[in-house]
Amino acid sequence: MEVRLLGTGDAIGTPKVGCSCAQCRKGLETNRERLRTSLLVTVGGCCILVDSGPDLRRQLLSSGSPVIDALVWTHGHYDHFMGYGEFYRVQDPPPVHASPEVLDYCGQVFSFLDFVRHPHAPFEPFEIGGATLTLVPVNHPPGPAYGLRIEADGAVLAYTADTRADIPSRSLDLLADADLLLIDAIAPAGYHISKHMTYDEALAIASSLRPKTFRCVHLAHLVPWDLPFIGQDGETFVLGDHVDVPPRPSSHPPHL
Ligand SMILES: [Zn+2]
Ligand SMILES: [Zn+2]
Ligand SMILES: [Zn+2]
């Protein structure tokens, strides 16, 4: 299983438009960015996209324009699904897997697209290609939001998505002992954030979940670029028994 961090930023992205803080200035000076958080998970040649934020076009281009076989929406916030329209006339909009409420909400926005919807109940594993996925309820008020457990090639990826630190214990069990944990850490320690975790909260949860390795994602512009365990856009991990699969033709079918 290959996991690529397509973006590691929060809903705003870094640099933040109009901001002159030290992090944003440094980003502009050194040409660094944090696009909105999204993952590309590849298992046996099957490309699974986790969330389709508004930076999707650039994220696909910087990943070699993969054809996306399936998409998972974690929740119905702008920064996690609004880029779905980027598939229009590029490839057939991929089938979407999500909880019924998230599918209903996001599907209304994209009612102009004809796409296949696969509703899934939380805690009930489902298959995409050679991967087993489970929607893991987290705590991101007011709407429903889900992390993910993805098992493939003998490895486990755990993703908390957007959440507060008080994640239900049954969900924590599913996020534990992963090969790679990706965890929400929107702000440095000392900030009070009602819907997300701060960096120190993320490190405490990561410590209790005992992953082989972890990265903080969904980072606001407030988070320094060089903190330990901070995810980087484009960072790629190979987990478990990775099987090399010949690349598919990169040319997409015409959608003129
Ligand atoms: Zn978000
Ligand atoms: Zn800033
Ligand atoms: Zn959110």
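The following conversation concerns two zinc sites in a predicted model.

Biologist: What makes Asp79, His80, Asp162 and His218 the protein donors of the zinc ion (ligand 1)?

Modeller: Asp79 (OD), His80 (NE2), Asp162 (OD) and His218 (NE2) lie 2.0 to 2.1 Å from the zinc ion (ligand 1), and N and O atoms count as donors within 2.8 Å of the metal, so these atoms qualify. Asp79 belongs to helix α3 (residues 78-81), whereas His218 sits in the loop between β12 (213-217) and β13 (236-238), 139 residues apart.

Biologist: Why is the arrangement around the zinc ion (ligand 3) called irregular?

Modeller: The zinc ion (ligand 3) is coordinated by His75 (NE2), His77 (ND1), His140 (NE2) and Asp162 (OD), at 2.2 to 2.4 Å. The four donor atoms subtend angles of 91 to 164 degrees, while a tetrahedral site needs all angles between 85 and 135 degrees, so the tetrahedral label is ruled out and the arrangement is classed as irregular.

Biologist: How do you know that the two zinc ions have a donor residue in common?

Modeller: Asp162 coordinates both the zinc ion (ligand 3) and the zinc ion (ligand 1), and these ions are 3.5 Å apart.

Biologist: Why is His140 counted as buried or exposed, and what is His77 called?

Modeller: His140 has 3% relative accessibility, and buried means under 20%, so His140 counts as buried. His77, with a relative accessible area of 27%, falls between the 20% and 50% limits and is therefore partly exposed.

Conventions: Residues numbered from 1 in each chain as written. Chains lettered and ligands numbered in written order. Predicted model: local features only at pLDDT ≥ 70, side-chain atom pairs only at ≥ 80, totals over all residues. Heavy atoms only, no water. Donors = N, O, S within 2.8 Å, 3.2 Å for Na, K, Ca; no water. Helix = DSSP H or I, 4+ residues; strand = E, 2+ residues; numbered from the N terminus. Tetrahedral: all angles 85-135°; square planar, octahedral: opposite > 155°, others 65-115°. Buried < 20%, exposed > 50% of the residue type's maximum accessible area, 1.4 Å probe, protein only.
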